[in-house]
Amino acid sequence: MQTYDFDKIIDRTGSDDIKHADLLRDYGRTDLLPMWIADMEWETPPFIIDALRKRLDHPLLGYTKTPRDYTRTIAQWIYDRHQWHVNPDHITYIPGIVKGIGYVINCFLKPGDKVIVQPPIYHPFYLTPQHNGYEVVWNPLTPVTDDEGHIVTYEMDFDNLAQVCDPHCRLLILANPHNPVGITWSKPTLQRLAHFAVEHNLIVVSDEIHCDMALFSTRHLPFASVSPEAEQCSITFSAPTKTFNMAGVVSSWTVVPDPTLRKKFFGWMQASELNEDPMFASIAAVAALKHGEPWREQMVHYLEGNITYLIDYCRQHIPLIRPVPPQASYLVWLDCRDLRMTHEQLIDFFVNHAHLALSDGEQFGKREGHGFMRMNVGCPRSMLHQALLQLQNAVDELGK
Ligand SMILES: Cc1ncc(COP(=O)(O)O)c(C=O)c1O
């Protein structure tokens with residue numbers, strides 16, 4: 001089996017990558033180690049680049065049919081990885097998951113409807129409804145702490161959900177696995193959520209973009225697969241773009257098992273050709289799913305090593321910063337509350353003292369993210385080590 005090199009440093013100069021290009025705009029300086037936006041520092045796997053290059057060998061890029069096996073390949077991948085049987089006819093392309101959330105909002109909601117989100121949460125989950133004119137209802141996750149009071153994970157707060165959900169709530173957006181706290185939700189939790197949703201006439205959008213990066217011994221459960229109720233109320237979004245580091249190709253899909261929801265949503269998209277795949281999106285997806293399992297396994301193994309390294313390093317050298325151990329993906333929620341800084345001080349500390357560009361926790365929820373930062377560890381270990389050294393030095397300086 002081919003082995004891939006995840007230690008290799010890739011110079012992204014000349015690629016216009018957002019992680020570097022927006023440093024000055026968002027952080028005020030460019031001499032930072034960027035560990036924010038959610039793509040990885042590893043090469044996009046060669047079998048994806050090769051498939052795209054092969055198509056470019058043909059001199060004409062006219063209107064092109066979707067690869068015949070596109071939806072079947074996705075269904076097979078979902079079954080092989082997550083044991084969820086999906087009918088290929090229930091799958092269609094969407095041009096990005098955030099856009100997909102916007103589509104659901106515009107297809108299903110009417111003025112006065114509301115959208116429930118569970119912070120701390122990936123910010124487009126609340127910004128997309130708000131920017132489309134809909135009120136957001138907040139159901140914060142509850143931190144779960146160990147004996148020493150350190151956050152180890154979060155739980156959904158069903159009591160609060162029952163209180164805040166009113167008859168205007170029409171949609172709940174679920175991150176499964178969760179960004180930024182990396183939770184793979186349990187079956188009882190997802191079943192309970194599905195039951196609640198059906199009782200309250202809610203559509204659940206389950207964003208499963210991080211699902212193929214479950215870590216250690218955890219397992220991702222597709223929301224729609226946990227019960228007939230979940231199947232009935234759900235619109236699932238997923239993509240190979242995070243797992244195979246090809247976000248720029250913009251290649252995602254939706255699965256809608258319920259015939260009524262599907263007819264309405266697919267019909268709404270088809271009316272404006274919003275679900276027609278650009279040629280490179282489906283070529284890259286099929287290449288990733290057909291050839292990607294060995295690469296994915298090796299990448300997840302390397303990532304587990306990075307996460308263990310980060311947690312151990314912080315425990316030994318930077319105890320004031322506590323990573324919440326993620327169960328999936330490469331985004332790590334850092335509890336920095338022991339630094340006892342205001343929001344502005346924390347940002348200034350990371351940027352101007354540690355020289356790191358992380359995602360600021362308050363962006364995921366003003367209250368729930370206060371005192372937290374999100375670190376992207378999808379990178380060569382040497383880069384992670386450098387970041388931790390910079391962070392350690394900056395924390396040590398505080399005590400002087
Ligand atoms: C949970 C989640 N959903 C969606 C996205 C973005 O997906 P897309 O680029 O397909 O809109 C991200 C990217 O960070 C994410 O973390």
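Biologist: In what order do the four strands of the open sheet stand, and is their pairing parallel or antiparallel?
Modeller: In this predicted model, the order is β11-β12-β15-β14, and the pairing is antiparallel.

Biologist: What makes β11 and β14 edge strands?
Modeller: β11, residues 322–324, and β14, residues 359–360, each have a single partner strand, so one side of each is left without a neighbour in the sheet, and that is why both stand at the edges.

Biologist: How do you know that β11 and β12 count as paired?
Modeller: The criterion asks for at least two bridges between two strands, and β11 and β12, the latter covering residues 331–335, are joined in the antiparallel sense over three bridges. The pair therefore meets the criterion. Within this pairing, P323 stands opposite L334 in β12.

Biologist: Turning to the ligand, which residues are around it?
Modeller: The residues around the ligand are A38, G96, I97, V98, Y122, N179, D207, I209, H210, K242 and S252. Sorted by class, this shell has five nonpolar, four polar and two charged residues.

Biologist: What makes the approach of D207 to the ligand a polar contact?
Modeller: A polar contact needs a pair of N or O atoms within 3.5 Å, and an N or O atom in the side chain of D207 is 2.5 Å from a nitrogen atom of the ligand, so the pair qualifies. The same cut-off is met by H210, with a polar side-chain atom 2.8 Å from an oxygen atom of the ligand, and by K242, with an N or O atom of its side chain 3.2 Å from an oxygen atom of the ligand.

Biologist: How much of the area that the ligand exposes when taken alone does the protein bury?
Modeller: Taken alone, the ligand exposes 400 Å², and the protein buries 86% of that.

Biologist: Why are some of the empty spaces called cavities, and how many of 30 Å³ or more are there?
Modeller: A space is called a cavity because a 1.4 Å probe fits there but cannot get out, and the count of those of 30 Å³ or more comes to three. The largest has a volume of about 80 Å³, and of the 13 residues that line this cavity, the closest to its centre are I78, W84, E208, C211 and S238. The second largest cavity, with a volume of about 40 Å³, is lined by P177, H178, N179, P180, V181, G182, H210, A328, S329 and L331.

Biologist: Which element gives the largest share of the lining of the largest cavity?
Modeller: The largest share, three residues, comes from α4, while α4 (70–82), β9 (234–238) and β10 (252–255) each supply at least two residues. The classes in this lining are seven nonpolar, four polar and two charged residues, whereas the lining of the second largest cavity divides into five nonpolar, five polar and no charged residues.

Biologist: What makes the second largest pocket a pocket, and what is its volume?
Modeller: A pocket is an open set of points, whereas a cavity is one that the probe cannot leave; the second largest pocket has a volume of about 290 Å³. Its lining residues include D146, H150, I311, R315, R322 and P323, and α12 gives the most, with three residues. β6 (151–155), α12 (293–317) and β11 each supply at least two residues of that lining, which by class divides into eight nonpolar, one polar and three charged residues.

Key
Residues numbered from 1 in each chain as written. Predicted model: local features only at pLDDT ≥ 70, side-chain atom pairs only at ≥ 80, totals over all residues. Heavy atoms only, no water. Near = heavy atom within 4 Å. Polar contact = N/O pair within 3.5 Å; in protein donor to acceptor, adjacent residues only side chain to side chain. Areas by Shrake-Rupley, 256 points an atom, 1.4 Å probe, with all protein chains shown as cover. Nonpolar A, V, L, I, M, F, W, Y, C, P; charged D, E, K, R; others polar. 1 Å grid on protein atoms, 1.4 Å probe; cavity = no way out; pocket = protein on both sides within 12 Å on 5 of 7 lines; lining within 4 Å. Points joined across faces, edges and corners; volume = space filled by probe spheres on them.
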